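Student: I would like to examine a structure through a short series of questions. May we begin once it is shown?

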Amino acid sequence: MSAEHGGEASADREKIRRVIQSVANEAETLKQLQDSPESLKERFHLTDAELDALRSGRLHIGIARMEVTFVNDMTITAQAR
Amino acid sequence: MTPLISVVIPVRNESDRVATTIRSIADMRSTECELEIIVVDDASADGSCSRLSYKGPGVSISTHQLKERVGVPRARNYGAYAASGDLLFITDAHVRFCGGWDRYVLENIEQNRVIAATVRDVASAFKGYGCSLAVPFMGTRWNKTPPVGTTPVQIAACIGTVLERTLFEKVGGYDSGMILYGAAEPEFSVRCWLTGAEIVSVPELEVYHRFKLKDERDRHVEELRLSIVHNCLRFGLLYLDEVNSLQMLRYFALAFPEQAQEAFSLLESSDVWQRRDFLKSTLTYDFDWFSNRFDVKNLAKQGAL
């Protein structure tokens with residue numbers, strides 16, 4: 001798994017920061033992130049690999065329901081809705 | 001001289017349980033080590049800590065009443081920094097310790113080592129031998145296979161985390177940017193590893209834990225869902241690369257639609273990027289090292305659970 005731990009932070013982190021900032025301030029961006037990540041590609045200058053990453057976020061819904069605990073105090077499956 | 005062990009217990013509205021917990025911790029010792037029990041009452045409304053006492057040798061109880069709720073990670077920090085013992089045993093208010101727990105601690109503690117106690121459910125046969133990280137959503141999974149002897153594990157559960165006080169201070173305690181509840185403990189464990197310490201499961205050291213019943217758990221999670229979502233996102237943004245971060249963002253946007261916008265807003269106004277830069281410049285290892293050390297894989301790419 002690639003995890004550069006902050007390497008080359010400025011440009012790459014800037015994309016993430018902008019996505020977070022936009023979602024925080026615009027309900028429409030949240031909806032796009034949820035329903036049509038393709039629509040974010042141009043706006044945030046996402047590469048194909050980054051767009052694929054967004055798309056694959058949906059795969060985790062099913063996975064997270066399987067014994068992933070978000071709080072360390074209980075043996076639960078994710079509380080995803 | 002036997003070192004003093006400081007047991008740190010954050011409490012919030014658990015007045016009916018914390019006295020039993022303290023009694024168990026004190027009574028189950030098998031050595032003559034001195035024990036300091038630090039109870040941090042996180043602004044309880046039920047007077048949790050007002051009448052705590054233990055009549056027996058070698059035990060002192062120190063209670064700290066916080067006027068405003070600070071959340072579990074900061075309450076743990078408060079207790080740890082108030083402690084005077086050489087060793088910290090960080091646990092919860094609703095536990096019982098196994099017989100001879102202090103001996104297991106003293107026999108296995110080392111410099112730069114965190115002990116992960118085995119967590120047992122009081123109502124079932126469940127035992128958890130530390131936890132493993134689930135990337136990219138930064139949750140955890142219990143290790144259910146009994147290890148043979150003392151074995152490295154990724155994460156020590158918050159219910160049973162033991163380490164030298166000097167190591168706690170060196171690592172920097174729990175991330176005070178984590179709000180109220182969730183994700184702070186696995187993040188602390190990851191940071192211990194990245195600081196150069198190790199975490200080992202000591203199977204014999206058992207903490208009996210009262211896991212919440214379903215209704216109670218649902219209420220608890222509902223109340224704290226925003227902080228859980230925020231803290232998991234913060235955890236991921238501190239360590240993950242861009243691709244995994246983007247996966248994580250979309251996952252939480254889909255899985256927690258009612259909390260996503262507010263959680264993102266909290267992140268935006270937080271110190272998460274400064275914290276990331278700070279960790280990058282101060283930790284001995286990077287997250288890639290941790291991933292390789294434990295063969296941590298993105299669960300979606302791994303293809304199966």
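The exchange below concerns a predicted model.

Student: What pattern does chain A follow, read along the sequence?

Tutor: Chain A has zero strands. Its helices number four. Read along the sequence, the pattern is therefore written with one α for each helix, a helix being a DSSP run of H or I with at least four residues: α-α-α-α.

Student: What percentage of the residues of chain A count as buried?

Tutor: A residue is buried if 20 or more other C-beta atoms lie within 10 Å of its own. Of the 81 residues of chain A, the share that counts as buried is 33%.

Student: At what angle do the axes of helix 3 of chain A and helix 7 of chain B cross?

Tutor: Two packed helices are described by the distance between their axes and the angle between them. Here helix 3 (residues 48-56) of chain A meets helix 7 (residues 242-255) of chain B through residues including A53(A) and L54(A) on one side and V243(B) and L246(B) on the other. The residues of this contact comprise five nonpolar, two polar and three charged. The crossing is right-handed, and the axes come within 7 Å at an angle of roughly 35°.

Student: Which helix of chain B gives the most to the largest nonpolar core?

Tutor: The largest nonpolar core holds 111 residues, and L88(B), V105(B), V162(B) and F252(B) touch the most other members. Eleven residues of the core come from the helix that gives the most, namely helix 6 (residues 214-239) of chain B.

Student: Which residues does V162(B) touch, not counting residues up to four places away in sequence?

Tutor: V162(B) is one of the core residues that touch the most other members. Beyond four places in sequence, V162(B) touches L87(B), L88(B), F89(B), V105(B), I109(B), V114(B), I115(B) and A117(B).

Conventions. Residues are numbered from 1 along each chain as its sequence is written. Chains are lettered from A and ligands numbered from 1 in the order in which they are written. This is a predicted model: local features need pLDDT of at least 70, side-chain atom pairs count only at pLDDT 80 or more; totals for chains, interfaces and linings use all residues. A nonpolar core is a set of buried Ala, Val, Leu, Ile, Met, Phe, Trp, Tyr and Cys residues joined through C-beta atoms within 7 Å. A residue is buried if 20 or more other C-beta atoms lie within 10 Å of its own, exposed if 12 or fewer, and partly exposed in between; C-beta atoms are placed from the backbone. Helices (H or I, at least four residues) and strands (E, at least two) are DSSP runs, numbered from the N terminus. Two residues are in contact if their C-beta atoms, placed from the backbone, lie within 7 Å. Axes are lines fitted to C-alpha atoms, for helices over the stretch in contact, and angles run from 0 to 180 degrees between N-to-C directions. A crossing is left-handed if the near helix is turned anticlockwise from the far one by less than a right angle, and right-handed if clockwise. Ala, Val, Leu, Ile, Met, Phe, Trp, Tyr, Cys and Pro count as nonpolar, Asp, Glu, Lys and Arg as charged, and the others, Gly among them, as polar.
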